[in-house]
Structure formats: C-alpha cells, structure tokens
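Work through the exercises below with the model open. Each task is followed by a stepwise solution.

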Amino acid sequence: MNYKWLIRRLASVIIAMFVTIVISWALLEYSPYSPANYIMQFINPQDFAQKPGLYSSLIQYLNTLRPHGNPLINAVNYINNVIHGNLGLSIVSDVPVAQIIAAALPWTLFIVTTSILISFFLGIRIGQKLAYIRGSKTDSITTVSLSILRAVPIYVYAALLVFVLGFVYHVFPTGGAYSPNVTPGLNLAFIISVLYHAFLPILSLTLVNLVGWILHMRANTISVLGEDFVNFAEIAGVKKSIIEKKFIGKNAILPLYTSLIIAIGFSFGGSLFVEQTFSYPGVGDLLITAITSNDYPTEMGVFIILIAAVIIGNLIADLTYSFLDPRAKVGEE
Amino acid sequence: MEAYRTLLAIGYTLLLLDLFSIMLYRSEAVLFPQIIVLILSLLIIIYAIVQIKHLR
C-alpha cells in the first residue's frame, strides 16, 4: 500500500466534502427565497384576531428561519452538525431530514438501478447487432430513428406513457409506489404491486437510456471491427462467435462502463421528472417538493448525501482496485 | 482497467446509499426495493472484482 497516496487521497476526499457542504449551505442559506416566505403565504393575520400573542410568536419563529447572526459561525455550526450526522429538521414536516431521505431513497435507487442495468444490457446487444449489419437498410433506418428519439426529453416519454398506458387504456397505475390494498412486506401480493407500479417509471428511464447505449455501442463496435487484432483472428481461423464475443464485444464495451457513471447521474436527474409525473415517492419527488416549499434543510440533505456517496464510493473503489491489482500502483509517480 | 474501476465505484456508491437507507429507515414498505438494490449493487461489485482479477 502506498501510504503517501492514501493520505493524499483521504485529504482530497475531506476537501471535496468540505467544499460541497460549504457551497450548498451558502447557496441555499443566502438565496432570496426563505422558507419563511413559503409558510407566510398560508397564514392569514385575521385568523389570529382572537390570539394576537400566538401570531406574533409565529412571526418570531419564522424570522429565525431567515439568515441571521454571524455567517461564519452559522457555517461552522452547520458543518459540525453534518459531521455528527445531524442534517437538521425539515421545515415543512418537522421530521429529521436524514430520515425523510432514507425513506425516499430506496424507491429512487430501485427504479434508477433497474432501468440502468436493463437499458445497458439491452443496448449493448442491440448496438452490437446493428454494427454487424452496418450500411444495410435496417441499420440506416434504425440509426436515424434512434438519433431522433435521442433528442426527446425524458419528461415527454414519461408524460406519453402515463397518458396512453395509464389514463387512456388503464393498463398501468398512474401514481404511487404500491397499491393501498396490499399489506407492505415481503409477500407476493406486495412485490407484484411494487413491480406493477414501478413498471412505467422504469420503462421511461430505460427508453431514454437505451437509445444512448445502442448508438454508443454501435459506434464502438464499428471502430473495434477495423482493428488489426480482429483481422488477424479472422485470418487465423478463430470462430466467428468467439471473435464477436471475446475480441470485439469485450473491447467495445469498455468505454461504456465509464459512461455508466454519467448515465447514473443523468438518471438521478431524470428521476425528478419521472417521479413527479408518476407521483412516485422517491428522492426526485422529495426534492421537487422541497424546492417548491423552500425547505432548505431537505434540499441540502439530498445534495450532501448523494455527493458524499459518490465521493466515498470512488475512494473505496480506488482502495479496492489498488489492493486487487498491485500493477496499477495507483497514485505512484 | 479504468472501466472496471468506474464500475466498482458505481457499485460502491449504490451500496453506500442503500446501506444509509437500511440503517436509518426500517419499514416493511421499503424492504423490497432495499433488498433489490442491495443485490444489484453487490452483483456489480462482484462482477467488477472478477474482471479486475481476470485482467491480472
């Protein structure tokens, strides 16, 4: 183990986390839209005519939600709380933010992970097949159609699917994560209900990702097809199926793994629209509700948890990688 | 090589988020998605580790 590299890597993780927390805190804390403004719009002073004391104490409380005091001390307090796992209370629901996010996270992870994996494996198979028939009529029509579909935003897919399959034909439910008539738990009725409700959100995310994977894999396969080692294997009489799988497929797929991390980020962003369209109780839906109600602690909590997971996930991957393959000698110069 | 490292990072990121959820929110309602994500993220990690070992 290269300890110098490890210390440098840990320091970069701490700095990245610190910068993330400070920037997210400063951006939201000093935004012109205070959560107090959101709550104030639902308060009518005339309703408090009988209890003027209650009204003034409410206003006093709401004013504490606006930025006040020394910003440096506020920032230090916030960072200290985050380090101790305290992300604060949601201004709207008065529940710990970490708990709200933990309740919403499984639904988003479920639809994002499933759709990414389905679209990835389908995309590489279809893309590879298209590359082998490159220049044919089928290839030309499919590639042009896919290029057009690539430009369609995710919320259009989601809106079309919910309208056609949900409202017009009533094939799939139009909202929620499971039916209220089933008992939550690891029973068949609940699992079927969860899969049934997740079908359209997963399909929307899969469709938008699938097109990208097909085009990407097709282009990669075509570039690998022209490599010398493929020609040499053909001349040497290696079986066509082995050339396609081991020589071409394995090499063409490598750059796609790197794109996978971008696709996951894209899907998390896309889940905002999908969850809003399908009323799916995930992080995207939670974030939109938090943004519209200026619920800063929830917004900051979502950003911090997602960013922390990516940063720590990368750190563990680097450590595992250098442990598994010492040849890599990560960080050594 | 970098490709499998990225895959490993994705697996760990998903696993960390799922573990965060499992530790802080235990409910019958979210148990199924939590288990599915746990299985998928572990599969991604195992696949990446096998491929990295195979490269050696």
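## Exercise 1: Chain B on its own

Task: Compare the radius of gyration of chain B with that of a compact globule of 56 residues.

Solution. This is a predicted model.
- Step 1. A compact globule of 56 residues would come out near 10 Å, while chain B has a radius of gyration of 13 Å.
- Step 2. Look at the outline. Along the principal axes, the C-alpha atoms of chain B fill a box of roughly 45 × 15 × 10 Å.
- Step 3. Add the secondary structure: chain B has two helices and zero strands.
- Step 4. Check burial. Of the 56 residues in chain B, 48% are buried.
- Step 5. Check confidence. The average pLDDT of chain B is 90, and 96% of the residues score at least 70.

## Exercise 2: The fold of chain A

Task: Describe the secondary structure and the dimensions of chain A.

Solution.
- Step 1. Count elements: chain A has 12 helices and zero strands.
- Step 2. Compare with the globule rule. The radius of gyration of chain A is 25 Å, against near 20 Å for a compact globule of 333 residues.
- Step 3. Take the box. The C-alpha atoms of chain A span roughly 90 × 60 × 40 Å along the principal axes.
- Step 4. Assess burial: 34% of the 333 residues of chain A count as buried.
- Step 5. Sort the contacts. Among those in chain A with a separation of 6 or more, 73% join residues 24 or more positions apart.

## Exercise 3: Annotated spans

Task: Which residues of chain A does UniProt list as "transmembrane region", and what is the helix content over residues 189–215 and 254–274?

Solution.
- Step 1. The unreviewed UniProt entry lists residues 7–28, 100–127, 148–169, 189–215, 254–274 and 302–324 of chain A.
- Step 2. Residues 189–215 of chain A are 100% helix and 0% strand, with end C-alpha atoms 38 Å apart.
- Step 3. Residues 254–274 of chain A are also 100% helix and 0% strand. Their end C-alpha atoms lie 29 Å apart.

## Exercise 4: Where the chains meet

Task: How many residues does each chain bring to the contact, and which helix of chain B gives the most?

Solution.
- Step 1. Chain B brings 35 residues and chain A brings 37 residues.
- Step 2. On chain B, α1 (2–24) and α2 (28–55) each supply at least two residues of the side that touches chain A.
- Step 3. α1(B) gives the most, with 18 residues.
- Step 4. By class, this side of chain B holds 25 nonpolar, four polar and six charged residues.
- Step 5. Turn to the largest nonpolar core, of 88 residues. Ile101(A), Ala104(A), Ala158(A) and Leu8(B) touch the most other members.
- Step 6. Helix α5 (residues 97–132) of chain A provides the largest share of this core, 18 residues.
- Step 7. For the complex, the predictor gives an ipTM of 0.94 and a pTM of 0.87.

## Exercise 5: Two positive phi angles

Task: Are Ser279(A) and Asn294(A) buried or partly exposed?

Solution.
- Step 1. Recall the background: most residues other than glycine have a negative phi.
- Step 2. Ser279(A) has a positive phi of about 50°. Ser279(A) sits in the loop between α10 (240–277) and α11 (283–292) of chain A.
- Step 3. Ser279(A) has 15 C-beta neighbours inside 10 Å, so it counts as partly exposed.
- Step 4. Asn294(A) has a positive phi near 55°. Asn294(A) lies in the loop between α11 and α12 (296–324) of chain A.
- Step 5. Asn294(A) is buried, because 20 other C-beta atoms lie within 10 Å.

Terms used: Residues numbered from 1 in each chain as written. Chains lettered and ligands numbered in written order. Predicted model: local features only at pLDDT ≥ 70, side-chain atom pairs only at ≥ 80, totals over all residues. Contact = placed C-beta atoms within 7 Å. Helix = DSSP H or I, 4+ residues; strand = E, 2+ residues; numbered from the N terminus. Nonpolar A, V, L, I, M, F, W, Y, C, P; charged D, E, K, R; others polar. UniProt positions renumbered as here; feature names shortened; annotations may be inferred. Buried ≥ 20, exposed ≤ 12 C-beta atoms within 10 Å, placed from the backbone. Rg over C-alpha atoms; globule rule 2.2 N^0.38 Å. Core = buried A, V, L, I, M, F, W, Y, C linked by C-beta atoms within 7 Å. pLDDT = per-residue confidence, 0-100.
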